[in-house]
Amino acid sequence: MGGKARALAVDAALGGLVAAAMALPMLGVRLEDGATGLSLGGRFDWVLWAAGIVAGGRLLIGALRLTLAGRGPSLPAPPRALITYVGWAMVAFALILPFLPFAGRNMVDKATLVLIYVMLGWGLNIVVGLAGLLDLGFVAFYAVGAYSYALLSQTFGLSFWLCLPLAGMLAAGFGLVLGFPVLRLRGDYIAIVTMGLGEIIRVVLQNWQDVTGGPNGISGIERPSFFGLSFKMVPPEGSRGFAEFFGLDYSADHRVIFLYFLILALALLTNLFTLRIRRLPVGRAWEALREDEIACRSLGINPTTVKLSAFATGAMFAGFAGSFFATRQGFISPESFTFHESAVILAIVVLGGMGSQIGIVLAALLLVGLPEWFRELQQFRMLAFGGAMVLIMLWKPSGLLSTREPAIRLKDAP
Amino acid sequence: MSEALLDVEHVTMRFGGLFAVNDLSFSARPQEITAVIGPNGAGKTTLFNCITGFYKPQVGRITLNHPSGPLLLERLDDYTITRKAGVARTFQNIRLFARMSVLENLIVAQHTRLMAASAFSLAGLLGLSRYAQAEAQAVERARHWLDKVGLTAFADEEAGSLPYGHQRRLEIARAMCTGPVLLCLDEPAAGLNPRESAELNRLLLDIRAENGIGLLLIEHDMSVVMEISDHIVVLDYGRKIAEGAPTAIKADPAVIRAYLGEPDEEEAG
């Protein structure tokens, strides 16, 4: 026991030392605005605090590990039925959320943002979680969807509902085209190439001034209507407004709530699709490809079509989400489609537990929702967020829900 | 003598300057178990990879006399060889879909048939009934093979969590689920204990008797080879050094020389 305690103390001291070394330049020195100009001032107590917190944390974690070790697996995997119930409860909650007393416009707006990422996460999950192709350029298809809607609507005056499937198809087409170069690659190499392709799309959007408006983006994008009923304060000539038609007082909240339900429906569609496709030959082939490509070949599965279909399907859902994004914002520019977005979406999939649908919802809540709700903490927002991430990675290193459920069971089969 | 199921004619596969398989010809007949044996590095697995399309031989012709007509395997892609020609294989180092369940492994193997039934999954996505029926048939076929290899109790377990011997049998069941006319087994008895190896013999004889298909077998375990094979091809350094019935092979001086070695001729001379 003594040896272990010593190892713990050494570990904690080392952790503190590293923290001190990192905190010294970042926290320990600050510029001070004195009477004679700028001068350097110390803030060494902060460095000590940082080192102390890290050393204490290491000690605590180590001690916890020691006491918990040998007590068997801490948490059994939640049973299948429970996960299903939780899923339905989440859907029910999402349905009534806008009408709950505490849910103001702000909250519905944030929930809409989270749902966009849930949908993107579910879309990317098809590529990464099911087919096992590590795609770091997913945001490119999101951008294609957004620009497709914006351009189709502005150039040809098409409605949102007509543009939505078109944007999805265009994004899927791009998925096919961008899928070809990565067909021969595996693992990390796919990640590098897709990352490059994603950046290419963004750079093209940024520089193709005549079509995409370059860095200025596209503004004044048509907002969606409810079966032809506009949400505008003053509906366009010859049509009626939503509020007028239903005999309600005009309120800007109507559109916010409508957009919320729209993305909820789109996200649930994505989820339904994934749950169904896992029971179908294509979905099974995706999962088989993730496990072993050579075995797939030996069973008569053509890996080329399997990979391309995964890429195209994932891209299609990103395209849907993209056109929703464009219609919600009313303004898009290449700024919204940086690599950072791809990284966040991938982080959602990985944190959720690679392939778990509910895990992705939880991860999106954490990764997108948490920073939003932490806004009250002001400049400590990202610190709190980082701390939360560290805790999760300690507690669940393989993702929040990483148990895989077979799509078919012999005992349930007829 | 019936017509051959598989005809390998003058096949040569070269890696740089190394002739892994050198001008090899033999044939395998339907409803027979043909074993390919030879010391390590004799080119057995390379031959398998040529037959199943993973390698394209530089020289030679491989013909499979499928019931629907002869097919030239060296011209087909690896996945079309399974799909069209009905050649299924297992691997020397087991290649299961480890994180999928045992049952799912067997259903993935019926991909081609299910793809057709679900109209490339589109009809299945909309929930049309023809797919449900095809899936039920696929489960039935999987259940049949699970019973055969004795893994029914493990159907819903992760394939990767099974013991080694079970994984070997599951891989054979998975290959059989593709509905092959020729089953190629790459060292199916490797790593099995004597009891498991005897079970394997029974399984292979059973497959041959019941399905009437040809089996091609690479094996080191002589108890398996001598007991069940009808015909043996012996390779050494990529060349065929002997071919014939098990009893004849056992007595063949060239085979004994290749396996046990002999006083070096240069040294002796």
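In this predicted model, chain A and chain B together bury about 3300 Å², and carbon and sulfur atoms account for 63% of that area. The size of an interface is often expressed as the accessible area lost when the parts come together. Within the share that chain A buries against chain B, A:Arg284, A:Leu299 and A:Leu410 stand out: these residues supply 22%, more than any other three. In terms of residues, 34 from chain A are in contact with 39 from chain B.

Charged and polar groups also take part in this meeting of the chains. Across the interface of chain A and chain B, 5 salt bridges are found. In one salt bridge, the side chain of A:Arg279 meets that of B:Glu135, with 3.2 Å from N to O. The polar contacts between chain A and chain B amount to 11 residue pairs, counting pairs with both residues at pLDDT 80 or more.

Turning to the elements involved, the side of chain A that touches chain B receives at least two residues from each of helix 10 (253-277), helix 11 (281-291) and helix 12 (293-298) of chain A. Helix 11 of chain A gives the largest share, with 8 residues. Sorted by class, this side of chain A holds 19 nonpolar, 12 charged and 3 polar residues.

Chain B, for its part, offers a sheet worth following strand by strand. This open sheet has 6 strands in the order 6-7-8-3-9-10, and the pairing is mixed. Strand 6 (87-89) and strand 10 (239-244) of chain B each have a single partner strand, so each stands at an edge with one side lacking a neighbour in the sheet. On average, neighbouring strands of the sheet are turned by 20 degrees against each other, ignoring direction.

Further in the same chain, strand 7 (residues 182-186) and strand 8 (residues 214-218) of chain B run in the parallel sense and pair over 5 bridges. B:Leu185 has B:Leu217, in strand 8 of chain B, standing opposite.

Helices pack on this sheet as well. Helix 1 (residues 44-51) of chain B lies across strand 3 (33-37), strand 6, strand 7, strand 8 and strand 9 (231-236) of chain B, and the helix runs at about 145 degrees to strand 8 of chain B. Helix 7 (residues 164-177) of chain B packs on the sheet by touching strand 6 and strand 7 of chain B, and the direction of this helix makes about 155 degrees with that of strand 7 of chain B.

Technical notes. Residues numbered from 1 in each chain as written. Chains lettered and ligands numbered in written order. Predicted model: local features only at pLDDT ≥ 70, side-chain atom pairs only at ≥ 80, totals over all residues. Heavy atoms only, no water. Contact = heavy atoms within 4.5 Å. Buried area = accessible area lost by both parts, 1.4 Å probe. Salt bridge = Lys/Arg side-chain N within 4 Å of Asp/Glu carboxyl O. Polar contact = N/O pair within 3.5 Å; in protein donor to acceptor, adjacent residues only side chain to side chain. Helix = DSSP H or I, 4+ residues; strand = E, 2+ residues; numbered from the N terminus. Nonpolar A, V, L, I, M, F, W, Y, C, P; charged D, E, K, R; others polar. Pairing = 2+ DSSP bridges. Axes fitted to C-alpha atoms, helices over the stretch in contact; angles between N-to-C directions.
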